[in-house]
Amino acid sequence: MSSVEMKNITKMYDKVTVLKDLNLKIDDQEFFVLLGPSGSGKSTTLNTMAGLDTPTSGNILFDSEDVTYFDPNKRGVAMVFQDYALYPHMNVYKNMAFPLKMKRYKNDYINKKINEVANILGIKELLKRLPRELSGGQAQRVALGRALVRDPKIFLLDEPLSNLDAKIRSQIRNELKLIHNDLKKTFVYVTHDQQEAMYLGDRVGILNDGVIQQVGTPQEVYSHPKNLFVAKFLGEPEINIFELDKNDGGFKIGGVPVDGHNFDKLNKITIGIRPENILLEKKSERDMPLKIVIRAKEFTGSGFIIIASTDEGKEIRIISDQANMDVGDLITAYIDYEHAILFDEQGDSINK
Amino acid sequence: MIKIKLRFIVVYLILTLLALAFLIPFIWLVVESFSPLNNIGFTIPSTFTLAPFEHVLTNSTFIRSIYMGLIQSLGATFLSIIFAVGPAYVFSRKSFKFKTTLLLGVLLLTGFPVFSLLVPTFIFFIDTGLYNTVIGVILFLGVLNLPIDIWIMKNSFDQIPKSIERASIVDGAGTLKSLIYIFIPLSLPIMAVLIILNFVINWGNFYVPFILLSSSHLLPISVRIYSFFGAFSVRYNELAALSIIYTIPAVVLYIFAQKYMIKALSGGIKG
Ligand SMILES: Nc1ncnc2c1ncn2[C@@H]1O[C@H](COP(=O)(O)OP(=O)(O)OP(=O)(O)O)[C@@H](O)[C@H]1O
Ligand SMILES: [Mg+2]
């Protein structure tokens with residue numbers, strides 16, 4: 001059992017506030033992903049959980065026990081770092097043995113445990129090598145191994161895959177998911193890669209400028225972003241954004257009025273439409289036609305990304321299974337209004 | 001073409017002469033140390049003999065001075081290395097008030113003419129009973145090298161990535177264990193260099209034992225060599241033999257730690 005709760009955490013370095021009144025609840029056995037751009041405070045959040053940093057104010061609870069001022073080694077957490085942080089002067093075996101040695105386990109147990117974990121991670125042949133003799137993927141496996149042998153209550157992972165090439169990244173990502181399913185432990189995983197976050201997370205917390213923007217399942221945060229930042233940060237290619245000014249008492253895209261009942265008080269709205277929600281064929285009565293000129297087609301393997309521009313010269317992106325049109329063609333696409341996301345002037349999402 | 005060649009020849013000639021100027025005293029030292037006593041001055045002796053070495057190495061006073069030299073220099077070396085580790089770690093890893101000021105203070109002390117403290121120390125040592133004791137010399141020599149040791153060790157610790165330290169802390173090592181298992185092993189090349197540097201400086205130090213010791217049985221080799229000159233007739237061949245013996249520990253240490261020296265001077269710690 002290990003849930004994590006961060007209550008009103010504020011962290012300041014000198015006069016710079018890095019985390020602003022951050023609240024998070026991570027459930028036992030959950031795979032929680034903290035997602036945010038560089039400098040948003042992800043590592044700082046993780047470090048305060050680990051006890052490597054102390055919050056300026058606020059409390060951290062593990063299973064409702066206040067651990068805010070506990071030393072790292074009293075917290076029962078294991079951590080994996082972006083740059084692997086293997087001890088350069090110890091071979092793989094000794095690296096993995098280190099946390100167990102610190103806990104004064106017997107050599108027999110250490111040996112057994114390391115072999116067990118080395119088998120799971122497929123690093124048995126590497127045990128005698130020094131870190132500098134390992135490839136990036138191997139080094140990260142060893143770093144994972146060093147965390148796994150410890151049997152901690154909580155795993156903290158700080159961008160563990162971001163230094164790896166795409167193929168090994170997805171491979172270890174899959175393994176991580178399986179390991180989490182097997183171990184049934186709480187994982188807190190930090191990344192700036194939204195795809196990784198959606199793939200791995202039971203829930204995802206999006207962080208920007210030290211403020212949690214939204215927490216939810218990948219589907220929730222993708223389909224129902226609370227604000228423009230979340231909407232734009234998730235999804236590849238990026239969501240299509242239409243900023244609309246009030247005209248004749250209503251809003252229009254490509255000359256077609258946007259229907260909605262509570263626009264009265266608003267002077268400006270922003271509509272976000274994911275690339276897969278712009279259709280090449282009309283599907284429902286509410287779909288809104290949009291005249292576009294095809295600018296480029298990109299083949300992605302499973303389909304196409306179509307880059308086009310509207311009458312007003314706005315560039316939009318469409319994901320489509322097929323693309324039997326040519327660059328330069330003038331066609332009518334349809335906005336799937338059902339899936340359009342509306343935001344007010346402040347960028348907060350509003351109901352249709 | 002010829003001009004260039006000529007320049008080469010001139011340059012090499014000058015360099016050779018310079019090298020000779022440095023080498024001649026050493027050559028003379030070696031030759032003299034294998035000469036019989038009657039061979040005075042810069043001449044080739046009629047016969048070579050091991051007698052000067054034999055005499056020096058069987059003379060209990062000289063043996064004792066070598067022994068004293070070793071104890072005092074090694075003692076002071078380990079004293080300052082051990083006491084440098086803590087401050088070096090704190091300066092490298094912790095932030096606190098006046099850190100920069102203190103650090104600059106340490107840096108300043110590395111160039112401070114500490115010998116100017118010898119007189120007050122002398123009086124202090126007499127008052128506290130440390131005068132004319134081996135411990136007293138070790139303490140003073142140890143403190144002498146402390147600032148430079150702290151400074152170099154701090155720079156070495158600075159190169160250890162923060163995440164490695166953090167990993168060790170999360171893995172359950174406290175500050176002390178992190179020092180013992182991570183920082184010190186990773187700084188081993190620098191430590192080796194520091195040990196040699198300290199030893200050679202201490203071994204060659206003349207003033208400190210000369211002023212802080214009075215009993216002749218405590219005098220290290222550096223002071224003992226000097227005492228030759230006070231004798232009625234200087235035995236140059238024995239002086240030469242003792243001088244050669246005097247240089248041996250430094251040379252041996254340099255050879256022994258060459259590997260580390262190269263490592264330490266060519267780039268520090270890498271993963
Ligand atoms: N020790 C420190 N002193 C001062 N400022 C710091 C310190 N550590 C982090 N910061 C600042 O806090 C902010 C958040 O840093 P943090 O490392 O948590 O970001 P991050 O989300 O992990 O970014 P990245 O994806 O680049 O790792 C940054 O603006 C950073 O400059
Ligand atoms: Mg980070």
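## Where chain A meets chain B

The contact (heavy atoms within 4.5 Å) draws on 24 residues from chain A and 17 residues from chain B. This is a predicted model, in which local features need pLDDT of at least 70 and side-chain atom pairs count only at pLDDT 80 or more, while totals for chains, interfaces and linings use all residues. Residues are numbered from 1 along each chain as its sequence is written, chains are lettered from A and ligands numbered from 1 in the order in which they are written, and side-chain values use heavy atoms, with hydrogens and water left out.

About 1,800 Å² is buried between chain A and chain B, with carbon and sulfur atoms giving 65%; buried area is the accessible area (1.4 Å probe) that two parts lose on being put together, summed over both. On the chain A side, Pro88(A), His89(A) and Met102(A) lose the most area to chain B, together 29% of what that side buries.

Turning to polar links, the interface of chain A and chain B has 2 salt bridges, each a side-chain nitrogen of Lys or Arg within 4 Å of a carboxyl oxygen of Asp or Glu. Arg146(A) forms a salt bridge with Asp171(B), where the closest N and O atoms are 3.6 Å apart.

## An open sheet in chain A

Chain A holds an open sheet of 6 strands in the order E6-E7-E8-E3-E9-E10, with mixed pairing. Strands (E, at least two residues) and helices (H or I, at least four) are DSSP runs, numbered from the N terminus, and two strands pair if DSSP finds at least two bridges between them. The edge strands of chain A are E6 (77–80) and E10 (211–216), each pairing on one side only.

Strands E7 (residues 154–158) and E8 (residues 186–191) of chain A run parallel and are joined by 5 bridges. One bridge partnership there is that of Phe155(A) with Phe187(A) in E8(A).

## Two domains in chain A

An automatic or database domain assignment splits chain A into domain 1 (4–232) and domain 2 (237–350). The C-alpha centres of these two domains of chain A lie 38 Å apart. Where they touch, 8 residues of domain 1 of chain A are in contact with 11 residues of domain 2 of chain A.

Between domain 1 and domain 2 of chain A, about 840 Å² is buried, 56% of it from carbon and sulfur atoms. Tyr222(A), Leu228(A) and Lys232(A) supply 57% of the area that domain 1 of chain A buries against domain 2 of chain A, more than any other three residues. The salt bridge count between these two domains of chain A is 0.
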